[in-house]
Amino acid sequence: MRRILLLTFLLLIGGIIIAAEAKIPSDVESLASAKLITLEPNDVITVSMNKPAGSEYKPGEKISFTVKLKKEGYLYIFDMPQYGNVTQIFPNYYQKENFFRPGTYKIPSVSSYTLTVSGTRSGIELVEFVLSSRPLELGGALSEKNPFLQFETVQKEGFVKFKEAFVKSIIISPEKWTAWTYFYLNAGVNTILNVQTIPSGAQVILDGKYSGNSPVSFNVAPGYHNLSILMNGYQPWNGEIYVGIGEEKNINIPLVPIQQQVNGTLSISVNPSSANVYVDGQFVGSGNQNITLSSGYHSVSVTLNGYESYYNPMVLINPNRTTYLNVNLVPLVGNLYVYSQPYVQIYVDGVYAGGTGYLGYAYITGIPVGYHELKFSKEWYISQTMNYNLISGDNFLSVNLSQAGMLMVNSNVYPIDVRIDGKSYGRIESPNKGVFVPVGSHEVEISNPQYMPYRSTMTFNFQQTTTLNASLTLKPLEISLKAQPNPFSPNGDWFEDTTNFYVNLSRNGYVQISVYSGNVLVWYRNYDAPYGVSSVTWDGKSLDGQTLPDGVYKVVATVESYGQTMTAQTNVVIEKSHYTFLKEIVIIGGILIIIGFLLTILK
């Protein structure tokens, strides 16, 4: 005897696909905004019902699903009624085999049971399908008394708990794909559309059929409907109307006389100011806009990467008036599921965002979409940092940290940089500080920019400290000297009036730069120089402030470092005859800009 299974189908979990031509109901969009579902299309799994998506079912009607797969995997079907429990519809007690190869399948596909819609409360219902490369481990036992797994009541808190359990099974799967469809359960409610126009008496055409003259009221199926308004002497009106199940929707449309079809102004204020603005499908610019348009209805859309798009198909432009439209785009955000072994602390862009805890997983919500630096750390483990591109909706990430020991260093110099097997592991600032190192045997290199690197092979054990005693040797003293620009022209034309002497040292030292004309010292400068490149500027004048004549001058740099002295020298040329008129050009240009600014103010 066939078993009749009465099910109330549901609101659903996870990301999904609807036919490309179908629109997403506002009820579904609100669920996505609340982070209860994610709208992410894919072409691996597509689904349909025995009625089109968005159809109306009444209690007692049979329902079935057709699933088309392009990859093999384990198929799961979940449902969550607007008021009820999250239920795993498939696999179930009557149909336990859920591994499918690419092809088209019907659910139910056995005669031992049927799915029949039931329920006493009307609402939108969603059904989600998950195709996983590995079986999911959601727990619970199937029996004749309990043929379907039950999870949590459909409250936001319970839903999040369910998803936290669900992600632990999904995260082990290398690949998963999801799809959803929806319908309306009508348990006896009326969905009503009231249409009024100014003036009244206009023809109302609903979904291509004449439905009376305004004002008019009629029962409609829930969902989207095409509405057209026609009246002699007035511009036609066309639009798309969404009516929720059990809703009584009122539409009041002011018609625009044809004889008054003159222009008006649309003033659009957008935030962020870099957002792109489209009017009637045409790009009009980025940021705030003031546009002259013909009177009547126009569509306006505003888009920007990383933000939810804005669309209004019914912006009314009145003749000889300004219509003001303020658009504040809402940033797109994503949620991050992190599953880890062991439990870790999580940082997003350097800010602590929570930890996975002893259960090994965390759910972080409201992160702006785009690239973020994620860091995962735990004492006695090697921290992991990644640049992660977060997308809208749920993102899944599995983290496995490696066990570590600690390296401490007794050295004759600090700070020192640490490299393990050629990879940087941070810096040690003092003898009582250390860095975590992977367990096992590794080549350790410590270095300081002024000293020769020190290398040693060491073995590290989990949660144990290993100390390295090292004495670093100073690098050999090296110095180089360069003058730039060379020649230079200290003639007051604001172009190359000075030159820079660049000194490159292998370690810190005390430097004197001396400039000679022949064997006569004409200028010098002393300073404490760091290792690497430092510079001083010379304006071509002698020590007593006199401008020196054109010619070739010898430059000598002498460094004293840790008891050693070394010199380097070069030549620099003074050539004052190279005049560019840059000063005059800048002054005249500045005067013209000031005059133009004053004229603008006076206007």
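Which side chain meets Lys 576 in a salt bridge? It is the side chain of Asp 550, at 3.1 Å from N to O. Keep in mind that this is a predicted model.

Let me stay with that pair. Lys 576 sits in the loop between β47 (564-574) and α3 (582-602). Asp 550 sits in the loop between β45 (532-538) and β46 (551-561). The two are 26 residues apart in sequence, so their contact ties those parts together. How accessible are they? Lys 576 has 25% relative accessibility, so we call Lys 576 partly exposed. Asp 550 is partly exposed too, with a relative accessible area of 41%.

Now the wider count. The structure holds 5 salt bridges. I will show two others.

Next up is Arg 101 with Glu 72. Their side chains form a salt bridge at 2.6 Å, N to O. This pair also links distant parts of the chain, 29 residues apart. Arg 101 is in the loop between β7 (99-100) and β8 (103-107). Glu 72 is in the loop between β4 (65-69) and β5 (73-79). On the surface scale, Glu 72 comes out as partly exposed, at 38% relative accessible area.

Then we have Asp 417 and Arg 427. Here the salt bridge is 2.8 Å, N to O. This one runs from strand to strand: Asp 417 belongs to β35 (residues 416-420), and Arg 427 belongs to β36 (residues 423-428). They are 10 residues apart, and the pair is another link between distant parts of the chain. Are these two residues buried or exposed? Neither label fits. Asp 417 is partly exposed at 24% relative accessibility. Arg 427 is partly exposed as well, with a relative accessible area of 47%.

On to the nonpolar side chains. Please look at helix α3, where Leu 592 lies. Leu 592 has a relative accessible area of 57%. The cut-off for exposed is over 50%, so Leu 592 counts as exposed. Leu 592 is also part of a nonpolar patch on the surface. Other members include Trp 494, Phe 495, Leu 582, Val 586 and Ile 595. Together, the patch residues have about 1,100 Å² of accessible area.

Last topic: the backbone. First, a reminder. Most peptide bonds are trans, and most residues other than glycine have a negative phi. Here are some exceptions.

Where do we find cis bonds? One runs from Gln 341 to Pro 342, with omega near -5 degrees. Pro 342 is in the loop between β27 (333-341) and β28 (345-348). Another cis bond runs from Tyr 414 to Pro 415, again with omega near -5 degrees. Pro 415 is placed in the loop between β34 (404-411) and β35.

And which residues have a positive phi without being glycine? Take Asp 349, with a phi of about 55 degrees. Find Asp 349 in the loop between β28 and β29 (351-355). Asp 349 is partly exposed, at 43% relative accessibility. Glu 496 also has a positive phi, near 55 degrees. Look for Glu 496 in the loop between β41 (479-484) and β42 (499-505). Its relative accessible area is 31%, so Glu 496 is partly exposed.

That is my tour. If you open the model now, start at Lys 576 and Asp 550, the salt bridge I began with. Then go to Leu 592 on α3. Finish at the cis bond before Pro 415.

Methods. Residues are numbered from 1 along each chain as its sequence is written. This is a predicted model: local features need pLDDT of at least 70, side-chain atom pairs count only at pLDDT 80 or more; totals for chains, interfaces and linings use all residues. Side-chain values use heavy atoms; hydrogens and water are left out. A salt bridge is a side-chain nitrogen of Lys or Arg within 4 Å of a carboxyl oxygen of Asp or Glu. Helices (H or I, at least four residues) and strands (E, at least two) are DSSP runs, numbered from the N terminus. Buried means under 20% relative accessible area, exposed over 50%, partly exposed in between (1.4 Å probe, protein chains only). Patches are made of residues with over 30% relative accessible area and no salt bridge: like charges are joined within 9 Å, nonpolar side chains (Val, Leu, Ile, Met, Phe, Trp, Tyr) within 5 Å. Accessible areas come from the Shrake-Rupley method with a 1.4 Å probe; for residues, only the protein chains shown count as cover.
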